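The following exercises concern residue environments and helix packing. Each task is followed by a worked solution that proceeds step by step.

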Amino acid sequence: MKGICKLCLQDSELQQSHIIPRSYFKRLKKEDGKIIVIQEGNKSITGNFDPKEPMLCRKCEQFLSINYEHYGIRVLRDHKNFRKNSNHIIIASFQYEKFYLYLISILWRASIAKHVHYDSVQGTEGLDDLLRYCVAERTVRINKKSGLRLDHFIRISIFRMVDSTGNISDEVIKVLLSNFVQTRDDTTNGIKWYFIVEGFIVFYHFFVGRDLHEIRSFKLISQLTKGSHQKIMKAEINQSKILTELFNSMIEASKQED
Ligand SMILES: [Zn+2]
């Protein structure tokens with residue numbers, strides 16, 4: 001299909017683009033994983049959910065794959081690179097900007113996607129364009145002069161989901177994938193999006209601080225930060241409202257399947 005590529009904005013032959021990278025779906029199929037579709041408070045499980053739509057030209061598909069996905073997918077998958085502790089893991093040789101922008105590239109695609117499963121991400125045109133700019137230019141710097149950065153406004157925090165009670169086995173937790181959810185964020189009074197992938201839950205917190213000082217100094221638990229190591233906290237499923245609800249409804253849904 002001919003159209004305007006959403007990344008380079010050139011008139012081109014558009015590919016069927018994935019919103020969430022294809023590699024995650026491949027892995028799910030191989031390991032008989034589950035996909036959770038969350039919509040308007042309802043959660044369901046499905047085996048065949050692989051939404052794609054005409055979005056990017058071939059060159060931009062390649063660009064995302066080479067610059068972001070090769071690295072981004074490996075970060076959460078390469079367990080040899082993890083240092084495991086009781087309540088957190090440390091990811092070594094971490095490339096902050098690359099990984100941050102990788103996750104932004106997924107949020108951006110979800111935001112501009114027309115597919116009904118990504119309805120929940122409703123950015124604004126201005127925000128979409130800003131995300132596009134940062135992904136295309138491979139930078140978190142919004143404005144060279146002012147020193148403003150995208151990560152002053154969109155912070156990303158990641159948790160490894162665990163269940164010490166043993167109710168839900170780690171094998172099950174590790175092969176889940178969800179679509180995006182958008183909610184209000186009470187901590188920051190902003191907007192929060194999240195999705196689940198390969199044992200992790202990724203939160204995007206969008207808010208604008210009161211002043212430059214607050215913008216620069218505010219930090220969330222388990223937030224991605226600059227540095228060669230990244231600490232990822234574990235989140236007990238039964239201690240998080242979001243996760244408890246999510247997993248309870250998953251268990252309900254799988255009962256109905258039987
Ligand atoms: Zn393009």
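**Exercise 1.** Does Asn85 count as buried or exposed?

*Solution.* The model is a predicted one. Step 1: locate the residue; Asn85 belongs to the loop between β6 (82-84) and β7 (88-91). Step 2: count its neighbours; 11 C-beta neighbours of Asn85 fall inside 10 Å. Step 3: apply the cut-off, by which a residue with 12 or fewer other C-beta atoms within 10 Å is exposed. Asn85 therefore counts as exposed. As a supplementary distance, the C-alpha atoms of Asn85 and Asp211 are separated by 36 Å, with these positions 126 residues apart along the chain.

**Exercise 2.** Determine how α3 and α4 are oriented relative to each other, and describe their contact.

*Solution.* Step 1: take the geometry; helix α3 (residues 96-112) and helix α4 (residues 125-137) pack at an angle of about 140 degrees, and their axes are 9 Å apart. Step 2: classify the angle; angles over 145 degrees count as roughly antiparallel and those from 65 to 115 as roughly perpendicular. The pair α3 and α4 is therefore oblique. Step 3: assign the handedness; α3 and α4 cross in a left-handed sense. Step 4: list the contact residues; α3 supplies Leu101, Ile104, Ser105, Leu107, Trp108, Ser111 and Ile112, while α4 supplies Asp128, Leu131, Arg132, Cys134 and Val135. Step 5: sort them by character; the contact of α3 with α4 comprises 8 nonpolar, 2 polar and 2 charged residues.

**Exercise 3.** Determine the orientation of α2 with respect to α3.

*Solution.* Step 1: helix α2 (residues 58-77) packs with α3 at an angle of about 105 degrees, the axes being 9 Å apart. Step 2: this angle makes α2 roughly perpendicular to α3. Step 3: in the contact, Leu64, Tyr68, Glu69, Tyr71, Gly72 and Val75 of α2 meet Lys98, Phe99, Leu101, Tyr102 and Ser105 of α3. Step 4: the residues of the contact of α2 with α3 divide into 7 nonpolar, 2 polar and 2 charged.

**Exercise 4.** Which residues of the largest nonpolar core touch the most other members?

*Solution.* Step 1: the largest nonpolar core contains 59 residues, of which Leu103, Ile104, Leu107, Ile156, Leu177, Ile201 and Val202 touch the most other members. Step 2: α3 contributes the largest share of this core, with 11 residues. Step 3: for one of these residues, list the contacts; leaving aside residues up to four places away in sequence, Ile104 touches Leu131, Cys134, Val135 and Leu150.

**Exercise 5.** What is the sign of phi at Leu9 and at Ser93?

*Solution.* Step 1: recall the expectation that most residues other than glycine have a negative phi. Step 2: compare the values; Leu9 has a positive phi of about 65 degrees, and Ser93 has a positive phi of about 30 degrees. Step 3: place both residues; Leu9 is in the loop between β1 (2-4) and β2 (11-18), whereas Ser93 is in the loop between β7 and α3. Step 4: Leu9 is exposed, because 12 other C-beta atoms lie within 10 Å; Ser93 is exposed, with 10 other C-beta atoms within 10 Å.

**Exercise 6.** Is Ser157 buried or exposed?

*Solution.* Step 1: Ser157 lies in strand β8 (residues 154-162). Step 2: Ser157 has 20 C-beta neighbours inside 10 Å and therefore counts as buried. Step 3: not counting residues up to four places away in sequence, the contacts of Ser157 include Phe203, His205, Leu220 and Ile221.

Key
Residues numbered from 1 in each chain as written. Predicted model: local features only at pLDDT ≥ 70, side-chain atom pairs only at ≥ 80, totals over all residues. Helix = DSSP H or I, 4+ residues; strand = E, 2+ residues; numbered from the N terminus. Axes fitted to C-alpha atoms, helices over the stretch in contact; angles between N-to-C directions. Parallel < 35°, antiparallel > 145°, perpendicular 65-115°, else oblique. Left-handed = near helix turned anticlockwise from the far one by under 90°. Contact = placed C-beta atoms within 7 Å. Nonpolar A, V, L, I, M, F, W, Y, C, P; charged D, E, K, R; others polar. Core = buried A, V, L, I, M, F, W, Y, C linked by C-beta atoms within 7 Å.
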